[in-house]
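Load the model in your viewer and keep the selection box open. This tour goes stop by stop.

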Amino acid sequence: MTQQGSSQQYQLPPLPYDFGALEPVISAEIMTLHYTKHHQAYVNNLNKALEQYADAQQKQDLAAMIALQSAIKFNGGGHVNHSIFWTNLSPKNKDGGAPPEGALADAINREFGSLQTLIDHLSTKAVAIQGSGWGWLGYDKNKNTLTLATCDNQDPLSTKGLVPLLGIDVWEHSYYLQYKNARADYVKAIWQVVNWKNVAERYQKAASK
């Protein structure tokens, strides 16, 4: 994020790997479109909505401010969700697919019994989402526990009072060019490139606050 005048300008975060680095799980074509077109559109539309909101706020136009809330939530959520998603993934020759260790592994075993049980349950939830949305592994600060949740469209997990640790994007643009209508095949495959090291870092940060 950069400051330009009185308005906040959000930008695409750097992609931590090349567009083709997650193949064959996610094709270079999908990654290119997903990152440069879809995520960029969320950023552009978020900045536009925030500029309009700042203008309405200056004019004390409450009706306009209320009307802009949905655009800010949708595009802001899209930006937040995808910024997490890119770091949640890693090529298989790096951290992708390597099982979690340490405190995160202990928490997973405590809450779910095993990593495979977590994978099975989150996969089922993600595949079952009607329309577009996200499947999440989150952290509940109030209960100090890991929990699974789903969010519609681009709603961020913070709307459910949870800290996002691992997200699975099941919007069609994230898989359709490669997996067609077989969402379950995409969700099954994506675990091969999940960056559990990144998830563990997010868990440690969330649990220590």
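**Stop 1: helix 1 against helix 3**

Helix 1 and helix 3 cross in a left-handed way. Select residues 69-88 for helix 3 and residues 28-58 for helix 1. This is a predicted model, so treat each stop as a reading of a prediction.

Two packed helices are described by the angle between their axes and the distance between the axes. Here the angle is about 140° and the axes are 8 Å apart.

Now show side chains. On helix 1, the residues in the contact include Met-31, His-34, Tyr-35, His-39 and Tyr-42. Further along helix 1, Leu-46, Ala-49, Leu-50 and Tyr-53 are also among them. From helix 3, the partners include Ile-72, Phe-74, His-79, His-82, Phe-85 and Trp-86. Glycines take part as well, among them Gly-76 and Gly-78 of helix 3. Colour the contact by residue class: 14 are nonpolar, ten are polar and none is charged.

**Stop 2: the whole chain**

Zoom out and switch to cartoon. How many helices and strands does the protein chain have? There are eight helices and five strands. From the start of the sequence, the order is β-β-α-α-α-α-α-β-β-β-α-α-α. The radius of gyration is 18 Å, close to the 17 Å that the globule rule gives for 209 residues, so the chain is as compact as a globular protein of that length.

Draw a box along the principal axes. The C-alpha atoms fill roughly 55 × 40 × 30 Å. Turn on a surface next. The protein chain exposes about 10,700 Å², and carbon and sulfur atoms supply 48% of that area. Of the 209 residues, 44% count as buried.

A contact map adds one more number. Take the contacts between residues at least 6 apart in sequence: 68% of them join residues at least 24 apart.

**Stop 3: helix 5 and helix 7**

Select residues 115-128, which form helix 5. Add residues 183-190, helix 7. The two helices pack at an angle of about 145°, with their axes 9 Å apart. Helix 5 passes helix 7 in a right-handed crossing. Helix 5 contributes Ser-123, Ala-126, Val-127 and Ala-128 to the contact, and helix 7 contributes Arg-183, Ala-184 and Val-187. By class, five of these residues are nonpolar, one is polar and one is charged.

Centre on Ser-123. Is Ser-123 buried or exposed? Its relative accessibility is 13%. Buried means under 20%, so Ser-123 counts as buried. Leaving out residues up to four places away in sequence, Ser-123 touches Val-187 and Trp-191.

**Stop 4: from Trp-191 to Lys-143**

Keep Trp-191 selected and add Lys-143. Along the sequence, Lys-143 and Trp-191 are 48 residues apart. Measure between their C-alpha atoms and you should get 27 Å. Lys-143 sits in the loop between strand 3 (133-140) and strand 4 (145-152). This lysine, Lys-143, is exposed, with a relative accessible area of 62%.

**Stop 5: Gly-133 in strand 3**

Move to Gly-133, which belongs to strand 3. Its relative accessible area is 0%, so Gly-133 is buried. What is Gly-133 in contact with, leaving aside neighbours within four places in sequence? The partners are Cys-151, Asp-152, Asn-153, Ile-168, Asp-169, Val-170 and Trp-171. For a longer reach, add Lys-37. The C-alpha atoms of Gly-133 and Lys-37 are separated by 18 Å, and the two residues are 96 apart along the chain.

**Stop 6: backbone details**

Pick Asn-153 from the partners of Gly-133. Asn-153 is in the loop between strand 4 and strand 5 (163-169). Its phi is near 50°, a positive value in a residue other than glycine. At 37% relative accessibility, Asn-153 counts as partly exposed.

Go next to Gln-60, in the loop between helix 1 and helix 2 (62-67). Phi of Gln-60 is also positive, near 55°. Gln-60 is exposed, with a relative accessible area of 71%.

Finish at Pro-24, in the loop between strand 2 (7-9) and helix 1. Which form does the peptide bond from Glu-23 to Pro-24 take, cis or trans? That bond is cis, with omega near 5°.

Note on methods:
Residues numbered from 1 in each chain as written. Predicted model: local features only at pLDDT ≥ 70, side-chain atom pairs only at ≥ 80, totals over all residues. Heavy atoms only, no water. Helix = DSSP H or I, 4+ residues; strand = E, 2+ residues; numbered from the N terminus. Buried < 20%, exposed > 50% of the residue type's maximum accessible area, 1.4 Å probe, protein only. Contact = heavy atoms within 4.5 Å. Axes fitted to C-alpha atoms, helices over the stretch in contact; angles between N-to-C directions. Left-handed = near helix turned anticlockwise from the far one by under 90°. Nonpolar A, V, L, I, M, F, W, Y, C, P; charged D, E, K, R; others polar. Rg over C-alpha atoms; globule rule 2.2 N^0.38 Å. Areas by Shrake-Rupley, 256 points an atom, 1.4 Å probe, with all protein chains shown as cover.
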